[in-house]
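Please open the model in a viewer and follow the selections below in order.

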Amino acid sequence: MRERHDQSHAYDGKANCIMPIQGGQHHGGLYKRPFVESFEETPMLVAVLTYMGYGILTIFGYLRDFLRQWKIERCHIAREKEEQRDFVPLYQDFENFYTRNLYMRIRDNWNRPICSVPGAKMDLMERASHDYNWTFEYTGRVVHDVINLGSYNYLGFAENTGPCAESAAEVTVKYGVGVASSRQEIGNLDRHEEMEKLVAKFLGVESAMAFGMGFATNSMNIPALTGKGCLILSDELNHASLVLGARLSGSIIRVFKHNNMQSLEKLLREAIVHGQPRTHRPWKKILIVVEGIYSMEGSIVRLPEVIALKKHYRAYLYLDEAHSIGALGPRGRGVVDYFGLDPCDVDVMMGTFTKSFGAAGGYIAGKRLIEYLRSHSHSAVYATSMSPPVVEQIITSMKCIMGEDGTTIGCERVRRLAENTVYFRKRLREMGFIIYGNKDSPVVPMMLYMPAKIGAFGREMLKRNIGVVVVGFPATPIIESRARFCISASHSRELLDKVLGAICEVGDVLQLKYSRHRIQPSLVRPFDDSVYEDIDD
Amino acid sequence: MVQAFYEAPAYHLILEGILILWIIRLLFSKTYKLHETYKLTEKEKEDLIEEWQPDPLVPPISKDHPSLNYDVVTGPPSHKIIINGKECINFASFNFLGLLDNERVKQKALASLKKYGVGTCGPRGFYGTFDVHLELESRLAKFMKTEEAIIYSYGFATIASAIPAYSKRGDIIFVDEAACFSIQKGLQASRSFIKYFKHNDMEDLERLLKEQELEDQKNPRKARVTRKFIVVEGLYINTADVCPLPELVKLKYKYKVRIFLEESMSFGVLGEHGRGVTEHFGVNIDDIDLISANMENAVASIGGFCCGRSFVIDHQRLSGQGYCFSASLPPMLAAAAIEALNIMEEDPGTKCCSVHSNLTPGLRLVGVPFAPALHLQLDRSSGSRDSDMQLLRNIVDYCMQRQVALTLARYLEKEERFLPPPRYVNVGGNHASWVGCSQRFQSDPWDELAKCKNSTVKAVELIVVAVPHTDQYDLQSNNNSRRTDKKE
């Protein structure tokens with residue numbers, strides 16, 4: 001095993017920050033702490049081998065499709081109804097080439113059903129496939145105590161005991177689970193109002209509004225904020241929900257390179273100077289849409305610079321804290337807290353309750369914004385309001401993080417998550433793996449590159465009783481397949497050591513220790529020009 | 001030539017020389033550059049940036065905007081409901097089968113909470129699939145007698161994700177004008193070519209289909225790859241009408257168009273076993289390509305589902321955005337839905353009772369008599385939407401003061417493609433169908449039934465009384481009284 005020196009990676013944000021073209025400020029001064037983010041370049045040999053791997057898979061795919069067509073190989077795909085054979089096909093066969101010939105081979109790594117709390121350890125339902133993953137059969141056995149590195153349980157609030165579960169149970173007894181009406185009609189419970197006040201207090205903003213689904217919070221509220229004649233500047237790696245929301249809004253969308261402030265500033269300047277396309281009218285407003293932590297890259301948004309740019313160019317900022325709320329910052333208040341900024345500088349704060357709070361749904365918070373949303377949000381008018389026990393889980397877990405329950409459990413969890421993250425990332429890097437992202441991000445992507453290794457890594461880890469998430473194309477660029485670990489405050493140090501031991505072992509077997517130990521300046525991450533917008537959540 | 005050159009006068013030569021030079025210059029000089037003059041200097045750019053003033057992020061909202069201050073419900077929104085501190089009989093939630101406060105459902109949810117906790121902490125793909133989800137999916141498929149079902153964690157997102165999973169840019173969707181908002185969002189997300197037909201007008205639909213057929217004959221190559229869909233609702237939430245499903249199925253096979261059916265209002269309500277419109281009309285469920293419904297009305301949980309043949313439904317597992325990219329449904333809500341299905345299967349009982357005949361001048365009940373949500377609308381409009389809305393709002397307030405909770409159907413007026421008529425009070429039929437379920441669940445059903453019937457009559461009477469009153473109702477004083485109510 002190669003030894004690695006960590007300091008070679010560390011550098012301070014100051015040295016690597018770019019001077020804005022016009023602003024005149026030295027943006028390095030905006031960071032109160034070193035901003036360490038690395039994206040080690042793909043080794044050439046690995047890239048070539050990866051492309052070859054896809055090439056071979058494609059050739060075999062065509063071969064097998066040919067065999068299936070001539071009925072030499074049995075075809076397992078569900079078929080169209082006889083009477084509807086002469087309809088236009090519901091989806092094109094070639095669209096599913098990838099699914100049929102690549103995804104199907106390693107399908108057992110996804111949708112693994114669990115039958116316990118998604119905590120630090122979970123129980124998996126054992127399943128077997130006798131036809132190469134076309135169908136699964138549940139053996140009825142349960143794989144106990146699989147270490148969970150896949151769930152977004154950052155602060156460990158996915159629990160079935162303790163104050164959260166108890167109060168959720170009480171509320172279930174009192175209110176039931178449904179609401180059967182929308183917020184504007186008669187589905188506005190007192191619990192909803194209480195939760196929204198608490199969320200606003202937690203974030204340090206004027207007011208907040210909650211919605212039943214994180215995905216819909218983005219896709220249904222962006223259209224309420226922008227419309228025709230507005231411009232949305234969106235990070236290229238933004239989540240599918242943000243992309244959908246931007247499309248539904250009818251605004252013009254321009255994409256800037258991931259976390260690249262030069263790219264953003266260039267777009268902002270051009271937009272204001274040239275106005276709308278063809279008519280050259282000035283834009284009504286410009287909305288910058290970024291995420292706190294990018295769930296596939298593990299990177300943290302360069303928020304101080306974004307805010308400086310936004311102020312200078314009078315744009316508005318929409319910050320999606322789906323992964324960062326609760327998981328970042330000394331007080332768990334997300335990326336704003338992490339950088340020590342004023343929450344009022346962010347116009348629209350969005351986040352979800354699914355992850356750190358172990359509940360479901362999402363919120364939008366901000367100044368002078370919520371009144372408008374309460375009367376104009378699609379969700380408030382047409383969608384059923386949130387389930388009372390879910391609301392209660394949010395209230396209790398949030399109070400715990402704020403220390404309002406009279407304990408320091410919340411604080412400790414935030415601290416433990418930060419420690420676990422730094423430790424886990426440091427150890428992996430020392431082992432020689434290529435790890436993407438910021439040193440403080442609890443989302444830890446580890447590069448696998450080759451398509452065959454996606455399946456192999458997932459299966460080998462499961463053999464060692466560890467559940468990990470592996471992702472490949474189309475959730476990532478074609479050659480950047482990766483495994484992703486989500487660190488939780490509920491992971492003990494021993495548990496992490498056990499996991500690290502297993503990863504090291506599997507890494508040797510599969511030859512995953514790609515890192516060539518090079519110093520990587522943060523901003524020159526190798527971009528591949530194709531813009532891929534839909535990252536998996 | 002040379003001779004001529006010498007003989008020519010000097011001024012002539014000079015002039016010609018100048019002319020030649022001029023021509024050379026014209027030939028070689030650069031043409032007038034347009035863009036150079038348009039190119040902005042850095043200074044000008046700075047000025048433009050300085051000059052630009054964006055609109056505010058959101059327009060200011062007046063404090064007394066009618067939809068700004070929500071009514072606050074304390075306690076469970078079941079048969080009796082406490083709105084703004086006042087106890088009312090609930091005629092406003094879509095709790096059609098009264099399963100919201102059903103003890104069995106609650107117990108199952110609690111048991112699930114003890115086992116799994118609340119949240120799932122992940123999307124279905126990444127350890128967010130629980131055994132309960134698989135059970136609910138197979139139960140739904142069994143209940144609906146289809147091959148497969150898929151669940152979503154949010155009712156609104158179900159059809160809004162399902163439509164764009166199949167229909168892409170260039171495809172054609174025929175849709176009813178009265179389609180609900182989540183269908184409209186799905187259509188928008190699909191970026192397909194949308195053709196609206198008049199509400200429940202099959203002739204109009206056939207006209208559009210014929211038009212399209214002619215178009216297809218002109219360009220058969222394009223027609224071979226253009227998917228066509230009809231999107232309708234089983235029971236329209238906006239009008240309380242039922243779609244003419246048998247005719248739609250005929251048109252489907254005649255013109256080779258697929259049918260997507262949204263059944264949020266009819267699932268669990270229509271048909272002998274509550275399977276919805278297909279059962280109501282006795283249409284073979286296999287003839288419908290996709291059925292979607294939410295589990296927030298009759299099932300009284302959260303979320304939604306789509307069901308149909310595996311060939312259709314399985315496609316959503318990788319291309320339904322709301323399925324792939326969103327956290328899965330909390331297991332306790334799935335468990336509650338399973339128990340609700342159990343109850344519905346055990347005793348399919350009567351679903352609704354009719355109160356149609358009881359209404360009087362001024363208000364009109366629209367839609368089919370067996371709709372669980374009763375839509376009342378003004379017989380004649382006063383001319384402007386605002387004043388109609390105000391009148392209806394007064395009726396709702398009047399009833400609320402007399403302990404009957406009704407609700408005004410809310411719409412985002414600017415966002416709706418075809419704004420439903422302005423004269424609607426939407427009375428969620430909780431009450432009417434509550435009669436049906438009370439027959440099943442209460443220890444002394446006839447007593448309960450009688451009580452319910454009484455309160456139905458009471459509600460209807462109140463509305464009747466409210467109409468003449470509100471005609472002369474001083475709006476100002478009404479507003480005041482409402483405010484004082486709140487203070488109390």
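Over which residues from 350 onward in chain B does pLDDT stay under 50, and how many contacts beyond four places in sequence does the model have for them? Select residues 350-360 of chain B: pLDDT (the predictor's confidence in each residue, from 0 to 100) stays under 50 there, and the model has 30 contacts beyond four places in sequence for this stretch. Contact here means heavy atoms within 4.5 Å.

This is a predicted model, in which local features need pLDDT of at least 70 and side-chain atom pairs count only at pLDDT 80 or more, whereas totals for chains, interfaces and linings use all residues. Residues are numbered from 1 along each chain as its sequence is written, chains are lettered from A and ligands numbered from 1 in the order in which they are written, and side-chain values use heavy atoms, with hydrogens and water left out.

Next, move to residues 468-488 of chain B, where pLDDT also stays under 50 and the model has 21 contacts beyond four places in sequence. Colour the whole of chain B by pLDDT: the average is 80, and 80% of the residues score at least 70. For the complex, the predictor gives an ipTM of 0.89 and a pTM of 0.86.

Now select domain 1 (73-99 + 352-441) and domain 2 (103-346) of chain B, with bounds from an automatic or database domain assignment. At their interface, 24 residues of domain 1 of chain B are in contact with 25 residues of domain 2 of chain B.
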